[in-house]
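Colleague: I am new to this structure and should be grateful for a close look at a single part of it. Please take one strand and explain how it sits among its surroundings.

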Amino acid sequence: MLDVLHHGHVKGLALSDPLPLQVVVLPGLDGTGRLSMPFLDELRARGLDARALALPGTGAQDYATLVEAVRSQLSAQSFVLLAESFAGPLAMELAAGPLPGLRGLVLCTTFARRPVPLPASAAMALAPAWPMPPLPLMARLLLGRWRTRSNQQDLQDALAQVPTPVLRQRAAATLRVDVRALLSGIQVPTLNVQALQDRLLWPHSVRELQVLLPDARHIAIEGPHLLLQARAEPAAALIAGWINRLSG
């Protein structure tokens, strides 16, 4: 069932005292965690211990390699894994296998297989030749009507920290990934947050997660693909409330 959040309230969801759980955020395509800072601040303001885990900026950028790189950095301390966009398949694969300490999974504006209607074979051409779209086009696509001078600058700065070949490899990896068969192995409580004005994700990919994760809580809120950046406060209120409910 998909719940739609309006004006900061979700039926059946209430804020409570925060749990002593660390929230580990896996960032999107840039992988730096820079764009996550305002969202992390909002989680911390709600009493949660939150940090971003940057993705490796060198070496192979396929999902199999990145999964192992991330796994090696996760501690056995109780934590909730939160993944947005590009990092969603990483978190799904991690959550489907033995992962000491994992108590919950939050997915945000993400997918289980290629998020755009391009064939997997297109990855061969994309990896070496993908041109970086101009910033105004990217901002319109990723931030929509929530784009501001400030968040567009943040987007530009985050992308500037990552070599273009790395971004190309990651973009190509999204066309090859398919973790649908692993989703039935996810046993921890799961929240799937979608953006009502997401202009990037293929609607089929969005619906697919709702079907393949029948026991998850699926909620859609107003916002663009970069939901945690453009609407940090309402997204953090929603996610913190869900994490707090894990104690109940």
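Colleague: The strand I have in mind is β6. To begin with its pairing, how many bridges join β5 to β6?

Modeller: It should be said at the outset that this is a predicted model. Four bridges join β5 to β6, and these two strands run parallel. One point of reference in this pairing is L107, which stands opposite N192 in β6. β6 also pairs with β7: five bridges join them, and they too run parallel. Here Q194 stands opposite A220 in β7. Between β6 and β7 the chain passes through α8, and the resulting β-α-β crossover is right-handed.

The next matter is how far β6 is covered. The strand comprises residues 190-195, and six of its six residues are buried, so β6 is largely enclosed by the rest of the structure. In a regular strand, side chains alternate between the two faces of the sheet. In β6 both faces are covered: one side carries T190, N192 and Q194, the other L191, V193 and A195, and all of these are buried.

To place the strand in context, one may consider the protein chain as a whole. The chain has 10 helices and seven strands. Of its 248 residues, 51% count as buried. The chain exposes about 11000 Å², of which carbon and sulfur atoms supply 57%. Among contacts with a separation of 6 or more, 80% are made by residues 24 or more positions apart.

The partner strand β5 leads on to the nonpolar interior. In soluble globular proteins, nonpolar side chains tend to be buried together. The largest nonpolar core of this model has 36 residues, and those with the most contacts inside it are L26, L74, L81, L90, M92, L105 and I186. β5 (102-108) is among the elements that give two or more residues to this core, as are β2 (22-26), α2 (63-71), β4 (79-84), α3 and α8 (203-212). Helix α3 gives the most, with five residues. Apart from this core lies another, of 27 residues, among them F39, L43, V106 and A235.

Two residues show how this interior is connected. M92 is in contact with L107, T110, F111, A112, V179, L183, I186 and L209, leaving aside its neighbours within four places in sequence. L107 in this list is the residue that stands opposite N192 in β6. The second residue, A95, is found in helix α3 (residues 88-96). With a relative accessible area of 6%, A95 falls under the 20% limit and therefore counts as buried. Beyond its neighbours within four places in sequence, A95 is in contact with L102, L105, G185 and I186. A95 and L182 are 87 residues apart in sequence, whereas their C-alpha atoms are 9.1 Å apart in space.

Charged side chains complete the picture. The count of salt bridges comes to nine. One of them joins D178 and R180, with an N to O distance of 2.7 Å. D178 is partly exposed, at 42% relative accessible area, and R180 is likewise partly exposed, at 30%. Both residues belong to a network of salt bridges that links R113, D178, R180 and E208.

A further salt bridge, between R145 and E222, has an N to O distance of 3.5 Å. This pair links distant parts of the chain, 77 residues apart: R145 lies in the loop between α5 (135-143) and α6 (149-160), and E222 in the loop between β7 (217-221) and α9 (227-230). R145 is exposed, with a relative accessible area of 61%, whereas E222 is partly exposed, at 23%.

The pair R71 and E68 also forms a salt bridge, at 3.3 Å from N to O. These two residues are three apart in helix α2 and are therefore separated by about one helical turn. R71 counts as partly exposed at 29% relative accessibility, and E68 does so at 46%.

To return to the strand in question, β6 is joined to β5 by four bridges and to β7 by five, and its residues are buried on both faces.

Terms used
Residues are numbered from 1 along each chain as its sequence is written. This is a predicted model: local features need pLDDT of at least 70, side-chain atom pairs count only at pLDDT 80 or more; totals for chains, interfaces and linings use all residues. Side-chain values use heavy atoms; hydrogens and water are left out. Buried means under 20% relative accessible area, exposed over 50%, partly exposed in between (1.4 Å probe, protein chains only). Contact means heavy atoms within 4.5 Å. A nonpolar core is a set of buried Ala, Val, Leu, Ile, Met, Phe, Trp, Tyr and Cys residues joined through side-chain atoms within 4.5 Å. Accessible areas come from the Shrake-Rupley method with a 1.4 Å probe; for residues, only the protein chains shown count as cover. A salt bridge is a side-chain nitrogen of Lys or Arg within 4 Å of a carboxyl oxygen of Asp or Glu. Two strands pair if DSSP finds at least two bridges between them. A crossover is right-handed if, with the strands pointing away from the viewer, the path from the first strand over the helix to the second runs clockwise.
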